[in-house]
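This report walks through one protein chain, from its overall pattern to its sheets, its core and a single residue. Please keep the sequence and the structure in view while reading.

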Amino acid sequence: MHETSPAPTATPVTAPFHGLATVVVAVGAHVAAGEVVAVLEAMKMEAPVTAPRAGVVSAVAVTEPAPVAGGDVLVELT
C-alpha cells in the first residue's frame with residue numbers, strides 16, 4: 001500500500017489593521033518565522049507584518065501599494 005503525504009495547508013498572513021499595504025516578498029520566496037513579509041502604513045506610521053511560521057510564499061493577495069482592512073489576507077505561506 002502506498003502512503004501519501006497530506007497536501008501542505010496554506011497559512012494566511014493578514015493585515016492587523018486598516019492601512020496601505022506593501023508586500024516585500026514574492027511568490028516562491030522562502031521565509032523564516034518572524035520575517036517581514038509586508039509593511040502596513042497608517043496615520044503616517046509604518047508597521048511590519050511578519051510571517052507567523054517558516055514557509056514558502058505560495059500567493060500574494062494584494063498588488064502594492066494597496067489599501068487593506070484589518071483581517072485582509074496579504075500573502076499565503078505553505
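Read along the sequence, the chain follows the pattern β-β-β-β-β-β-β-β, and its secondary structure comes to 0 helices and 8 strands. Helices (H or I, at least four residues) and strands (E, at least two) are DSSP runs, and they are numbered from the N terminus. The model is predicted, so that local features need pLDDT of at least 70 and side-chain atom pairs count only at pLDDT 80 or more, while totals for chains, interfaces and linings use all residues. Residues are numbered from 1 along each chain as its sequence is written, and side-chain values use heavy atoms, with hydrogens and water left out.

**The chain as a whole**

Of the 78 residues of the chain, 27% count as buried, where buried means under 20% relative accessible area, exposed means over 50%, and partly exposed lies in between (1.4 Å probe, protein chains only). The accessible surface of the chain comes to about 4900 Å², and 61% of this surface belongs to carbon and sulfur atoms; such areas come from the Shrake-Rupley method with a 1.4 Å probe, and for residues only the protein chains shown count as cover. Among the contacts in the chain with a separation of 6 or more, 57% are accounted for by residues 24 or more positions apart, a contact being defined as heavy atoms within 4.5 Å.

**Two open sheets**

Strands of a sheet pair through backbone hydrogen bonds, either parallel or antiparallel. Here two strands are said to pair if DSSP finds at least two bridges between them.

One open sheet of 4 strands has the order 1-8-6-3, with antiparallel pairing. Why do strand 1 (11-14) and strand 3 (30-31) each have one side without a neighbour in the sheet? Both stand at the edges with a single partner strand each, so one side of each is left free of a neighbour there.

Another open sheet of 4 strands has the order 5-4-2-7, again with antiparallel pairing. In this sheet strand 5 and strand 7 stand at the edges, and because each has a single partner strand, one side of each is left without a neighbour. The twist averages 35° from one strand to the next, with axes taken as lines fitted to C-alpha atoms (for helices over the stretch in contact) and angles running from 0 to 180 degrees between N-to-C directions.

The table lists antiparallel pairs from both sheets, each with one of its facing residue pairs.

| Strand pair | Bridges | Residues opposite each other |
|---|---|---|
| Strand 1 and strand 8 | 4 bridges | Thr14 and Val73 |
| Strand 6 and strand 8 | 3 bridges | Val60 and Val75 |
| Strand 2 and strand 4 | 4 bridges | Ala21 and Leu40 |
| Strand 4 and strand 5 | 6 bridges | Glu41 and Glu46 |

Leu40 also has a bridge partner in strand 5, namely Ala47. Strand 4 and strand 5 form a hairpin with 2 residues between them, and Met43 in the turn has a positive phi of about 55°.

**The nonpolar core**

The largest nonpolar core has 18 residues, and those with the most contacts inside it are Val25, Val31, Val37, Val68, Leu74 and Val75. Such a core is a set of buried Ala, Val, Leu, Ile, Met, Phe, Trp, Tyr and Cys residues joined through side-chain atoms within 4.5 Å. Strand 2, strand 4, strand 7 (66-68) and strand 8 each supply at least two residues of this core. When neighbours within four places in sequence are left aside, the residues in contact with Leu74 include Val13, Ala21, Val23, Ala38, Val49, Val60 and Val68.

**A closer look at Val56**

Is Val56, which lies in strand 6, buried or partly exposed? Val56 is partly exposed, because its relative accessible area is 24%. Not counting residues up to four places away in sequence, Val56 touches Gly28, Ala29, His30, Glu76, Leu77 and Thr78. The C-alpha atoms of Val56 and Val27 are separated by 7.7 Å, although these residues are 29 residues apart along the chain.

**An annotation from the record**

An unreviewed UniProt entry places the feature "transmembrane region" at residues 20-40; UniProt positions are given in the numbering used here, feature names are shortened, and annotations may be inferred rather than shown by experiment. In the model, the span of residues 20-40 is 0% helix and 52% strand, and its end C-alpha atoms lie 6 Å apart.
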